[in-house]
Amino acid sequence: AVFLENVKHLAKHDHGRTFVIIREQLERCGYHIKFAMMNSADYGNVPQNRDRIYIVGFRDRNALDAFESPSKKTLEKSISDLLETDVPDKYYYKKGWLYDRIKKAGMKQGLIYQWRRVYLRENKSGVCFTLTAHMGMGGHNVPLVRDAKGMRRLTPRECARLQGFPEGFKLPSTLSESSIYKQIVDSVTISVVERI
């Protein structure tokens with residue numbers, strides 16, 4: 001069997017030619033494949049808007065015919081379910097140009113926002129924006145929340161929860177925090193992959 005995951009734009013890259021090449025190469029290797037676009041919020045019960053393409057292939061045609069992609073699942077978790085309660089001060093914005101701009105734009109408690117170069121965007125659907133590799137640096141496209149202490153970015157543990165990692169998953173203490181963020185957000189959404 002073969003199991004692949006990539007960003008949803010893979011299917012349209014180079015007018016679809018890249019995806020055709022991938023399919024042809026898998027078929028040349030003897031695989032029969034199925035693929036589907038899945039959003040983590042719809043298939044992994046995590047409140048993150050993360051569209052990905054999943055490709056599953058089997059050398060045995062009967063195995064492919066027996067394989068069924070999971071169906072959509074009602075989202076039961078909310079952003080507030082995944083937020084930590086005792087967050088260290090280092091995650092909060094307290095001064096600087098970004099602090100001034102997000103304070104002026106106004107953030108409501110319990111909602112998730114994203115700084116988009118010149119404006120603050122609120123996610124009205126109740127799910128987090130797609131996590132990005134810039135999570136540890138702050139700034140553009142990074143999800144932001146407001147809690148009782150103030151305005152802040154998400155912690156690595158919160159990002160792990162949004163990626164479907166089990167609560168007992170140990171974040172490595174030997175890596176820098178920016179490396180931990182990158183590894184978490186570059187990972188697959190665990191709960192989606194488990195269902196597939």
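This tour moves from the whole chain to one helix, then to a loop residue and finally to the largest pocket.

The model is a predicted one, in which local features need pLDDT of at least 70 and side-chain atom pairs count only at pLDDT 80 or more, while totals for chains, interfaces and linings use all residues. Residues are numbered from 1 along each chain as its sequence is written, and side-chain values use heavy atoms, with hydrogens and water left out.

**Whole chain.** Select the full C-alpha trace, which spans about 60 × 35 × 35 Å along its principal axes. Coloured by secondary structure, the chain shows eight helices and seven strands, taken as DSSP runs numbered from the N terminus (helices H or I, at least four residues; strands E, at least two). Of the 196 residues, 43% are buried, where buried means under 20% relative accessible area with a 1.4 Å probe and protein chains only. The exposed surface comes to about 11,200 Å², 50% of it supplied by carbon and sulfur atoms, by the Shrake-Rupley method with a 1.4 Å probe. Among contacts (heavy atoms within 4.5 Å) with a separation of 6 or more, 68% join residues 24 or more positions apart.

**Helix 1.** Select residues 17-28, the twelve residues of helix 1, whose end C-alpha atoms are 16 Å apart, in agreement with the 16 Å expected at 1.5 Å a residue; the expected span is 1.5 Å times one less than the number of residues. Glycine 30, which follows helix 1, has a positive phi, near 95°.

**Phenylalanine 129.** Move next to the loop between strand 5 (119-122) and strand 6 (143-147), where phenylalanine 129 is found. This residue counts as buried because its relative accessibility is 5%. Leaving aside neighbours within four places in sequence, its contacts include Gln48, Asn49, Ile112, Tyr113, Arg121 and Pro143. The C-alpha atom of valine 145, 16 residues away along the chain, is 11 Å from that of phenylalanine 129.

**Largest pocket.** Finally, select Val7, Lys8, Asp51, Arg52 and Thr130, which lie nearest the centre of the largest pocket among its 14 lining residues. On a 1 Å grid over the protein atoms alone, a pocket is an open set of points where a 1.4 Å probe fits, with protein on both sides within 12 Å along at least five of seven lines, and lining residues have an atom within 4 Å of a point. The space in this pocket is about 270 Å³. Strand 1 (2-7), strand 3 (51-58) and helix 7 (177-186) each supply at least two lining residues, with the largest share, three residues, coming from strand 1. By class, the lining has three nonpolar, five polar and six charged residues.

Terms used: Grid points are joined across faces, edges and corners, and a volume is the space filled by probe spheres set on the points. Ala, Val, Leu, Ile, Met, Phe, Trp, Tyr, Cys and Pro count as nonpolar, Asp, Glu, Lys and Arg as charged, and the others, Gly among them, as polar. Buried means under 20% relative accessible area, exposed over 50%, partly exposed in between (1.4 Å probe, protein chains only).
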